[in-house]
Amino acid sequence: MERKTIRDPAEVMRDEMFIRNKIIGLLRKGPKTIPEITADIGYPSHEVVVWVMAMRRYGTIEELPKGRADDYYQYQLSE
């Protein structure tokens, strides 16, 4: 069983600009879900959620409509 380490929130936020650029690079190739972003950048999903939600809040990215209620949202760069 993999043990999760929870980083200090200040440390997570300090990495924001670096990770933001990685996420933008991924989304330039097409929409992705949080699990896909997590797998591609290699950071824990709970941290990726913080970065993605911040980017969504400030209009950098937007979610696409879901096909089914149990699907993950896909995120894309805002136009």
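Helix α4 (helices being DSSP runs of H or I, at least four residues, numbered from the N terminus) buries Glu 47, Val 48, Trp 51, Val 52, Ala 54 and Met 55, where buried means under 20% relative accessible area with a 1.4 Å probe, protein chains only. Looking down the axis of α4, these buried residues fall within an arc of 160°, so they line one face of the helix; the arc is that of the directions from the helix axis to the C-beta atoms. This is a predicted model, where local features need pLDDT of at least 70, side-chain atom pairs count only at pLDDT 80 or more, and totals for chains, interfaces and linings use all residues. Residues are numbered from 1 along each chain as its sequence is written, and side-chain values use heavy atoms, with hydrogens and water left out.

**More on α4**
- Residues three or four places apart point the same way because an α-helix has 3.6 residues a turn.
- Just past α4, Gly 59 has a positive phi of about 80°.

**The sheet**
- An open sheet is built from 3 strands in the order β1-β3-β2, with antiparallel pairing; strands are DSSP runs of E, at least two residues, and two of them pair if DSSP finds at least two bridges between them.
- β1 (32-33) and β2 (61-63) are at the edges with a single partner strand each, so one side of each has no neighbour in the sheet.
- β2 is joined to β3 (residues 74-77) by 3 bridges, and Glu 62 sits opposite Gln 76 in β3.

**The whole protein**
- The protein has 4 helices and 3 strands, running α-α-β-α-α-β-β from the N terminus.
- Of its 79 residues, 33% count as buried.

Methods
Buried < 20%, exposed > 50% of the residue type's maximum accessible area, 1.4 Å probe, protein only.
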